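User: I would like to learn how to read a structure that is new to me, one feature at a time. Could you take me through it slowly, giving the general idea before the case in hand?

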Amino acid sequence: MTGAYDDRDGYIWMNGTLVPWRDAKVHVLTHAMHYASSVFEGERCYSGKIFKSREHSARLIESARLLDMQLPYSVDEIEAAKYAMLEANGWTDAYVRAVAWRGAGPDMGVSAARNPVCLAVAGWEWGAYYGDAKWQGAKLDIAKWKRPSPETIPTAAKAAGLYMICTMSKHAAEAKGCSDALFMDYRGYVAEATGANVFFVKDGVVHTPKADAFLNGITRQTVIAMLGDMGIEVVERHIMPEELSGFSDCWLTGTAAEVTPVGQIGDFHFQVGELTKKVSDSYEALVRR
């Protein structure tokens with residue numbers, strides 16, 4: 001499937017019905033377009049099975065709740081919608097995007113409690129998120145923006161508004177020839193990339209930022225558990241940016257990113273070492289089990 005994302009063949013599940021791709025539209029006065037009242041999930045389907053599917057559906061409902069939206073669908077109903085969309089498009093390997101938002105209704109201001117909460121499930125066939133960096137090691141810029149405090153926004157929600165600085169930072173990174181950008185948080189600690197969590201290796205021990213100001217990714221949690229099963233120590237802690245010079249390896253995790261090695265962040269360089277390769281290979285095997 002190629003072409004603009006609004007001009008393709010296929011089907012999108014939307015508010016309970018499979019509709020032709022080009023007909024999956026919302027009104028320009030949709031509340032989410034003006035006030036960012038939207039949450040979403042990104043998932044991958046491997047050989048007909050969506051990895052951690054129910055966990056993603058549950059997180060979508062929780063993200064909506066954190067934004068004061070009551071999603072009118074249960075986990076089971078969201079699951080059925082995802083697989084109906086995949087079947088309608090004839091896909092067994094695909095990226096799945098579920099998105100919920102406040103639609104158009106009687107309110108068109110900051111307050112919109114009377115507007116309906118909508119849900120759509122789309123998908124597309126997507127290869128490696130970082131292209132050749134999947135094997136060679138991605139190059140990251142260091143973003144000028146910082147991840148906000150949990151006192152300013154519900155950072156535990158996968159909310160569309162939280163990605164505004166991600167788009168800006170990724171554009172700036174790409175202009176410098178980088179694949180992505182690394183954020184610090186509001187305190188100056190290392191946080192995450194624009195759409196992926198980050199891990200580091202030092203003397204055989206894995207270090208990863210404590211997820212207290214950014215989304216605790218499902219892939220992140222999966223990799224931490226996988227490392228534990230391998231008998232590898234994982235330390236979740238606050239990491240200062242000057243510590244980057246002391247790490248040998250680095251990788252990113254995320255549904256789209258999967259496990260992607262990092263070769264450079266700013267002026268700091270990393271090897272694609274044996275542990276990084278092992279984690280990447282183990283994750284590939286796990287998602288296709």
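Analyst: Let us begin with a strand, keeping in mind that this is a predicted model. Strand β6 is mostly covered, since eight of its eight residues are buried, where buried means under 20% relative accessible area.

User: Which residues of β6 point one way, and which the other way?

Analyst: The general idea is that in a regular strand the side chains alternate between the two faces of the sheet. In β6, Val117, Leu119, Val121 and Gly123 point to one side, while Cys118, Ala120, Ala122 and Trp124 point to the other, and all of them are buried.

User: Which strands are joined to β6, and by how many bridges?

Analyst: Strand β5 is joined to β6 by eight bridges, and the two run antiparallel; within this pairing, Arg97 stands opposite Ala122 of β6. Strand β1 also runs antiparallel to β6, with two bridges between them, and here Trp13 has Val121 as its bridge partner in β6.

User: How should I read the nonpolar cores, and which residues have the most contacts inside the largest one?

Analyst: In soluble globular proteins, nonpolar side chains tend to be buried together. Here the largest nonpolar core has 27 residues, and those with the most contacts inside it are Leu71, Leu86 and Leu119. At least two residues of this core come from each of β1 (11-14), β3, α2 (53-66), α3 (75-89), β5 (94-102) and β6 (117-124). A second core, separate from that one, has 18 residues, among them Leu140, Ala196, Ala257 and Ile265.

User: What does Leu86 touch, leaving aside residues up to four places away in sequence?

Analyst: With those sequence neighbours left out, Leu86 touches Cys45, Ile50, Trp91, Ala94 and Val96.

User: Let me try a polar residue next: is Ser38 buried or exposed?

Analyst: Ser38, which lies in strand β3 (residues 38-46), has a relative accessible area of 10% and is therefore buried. A polar atom of its side chain lies 3.3 Å from the backbone oxygen of Ala100. Not counting residues up to four places away in sequence, the residues that Ser38 touches include Ala32, Leu67, Met69, Val99, Ala100 and Trp101.

User: Where does a residue other than glycine take a positive phi?

Analyst: One case is Asp203, whose phi is near 55 degrees, and which is found in the loop between β10 (197-202) and β11 (205-209). These two strands form a hairpin with two residues between them, and they pair in the antiparallel sense over three bridges, with Lys202 having Val205 as its bridge partner in β11. Because its relative accessible area is 73%, Asp203 counts as exposed. Another case is Lys52, which has a positive phi of about 55 degrees although it is not a glycine; Lys52 lies in the loop between β4 (49-50) and α2 and, at 29% relative accessibility, is partly exposed.

User: Are the residues of β11 buried or exposed, and which other strand pairs with it?

Analyst: Five of the five residues of β11 are buried, with Val205, His207 and Pro209 on one side and Val206 and Thr208 on the other. Strand β12 (residues 234-237) pairs with β11 in the parallel sense over four bridges, and the bridge partner of Thr208 in β12 is Glu236.

User: How should I read a helix, taking α6 as the case, and what span does it reach?

Analyst: A helix can be checked by comparing its span with the one expected at 1.5 Å a residue. Helix α6 (residues 218-229) has 12 residues and reaches 17 Å from its first C-alpha to its last, close to the expected 16 Å. Its buried residues include Ile218, Val223, Ile224, Met226 and Leu227, as well as Arg220. Just after the helix, Gly231 takes a positive phi of about 80 degrees.

User: Finally, how many helices and strands does the whole chain have, and how compact is it?

Analyst: The chain has seven helices and 15 strands. Its radius of gyration is 19 Å, close to the 19 Å that the globule rule gives for 289 residues, so the chain is as compact as a globular protein of that length. Buried residues make up 50% of the 289 residues, and among contacts between residues at least 6 apart in sequence, 66% join residues at least 24 apart.

How values were computed
Residues numbered from 1 in each chain as written. Predicted model: local features only at pLDDT ≥ 70, side-chain atom pairs only at ≥ 80, totals over all residues. Heavy atoms only, no water. Buried < 20%, exposed > 50% of the residue type's maximum accessible area, 1.4 Å probe, protein only. Polar contact = N/O pair within 3.5 Å; in protein donor to acceptor, adjacent residues only side chain to side chain. Contact = heavy atoms within 4.5 Å. Expected span 1.5 Å × (residues − 1). Core = buried A, V, L, I, M, F, W, Y, C linked by side-chain atoms within 4.5 Å. Pairing = 2+ DSSP bridges. Rg over C-alpha atoms; globule rule 2.2 N^0.38 Å.
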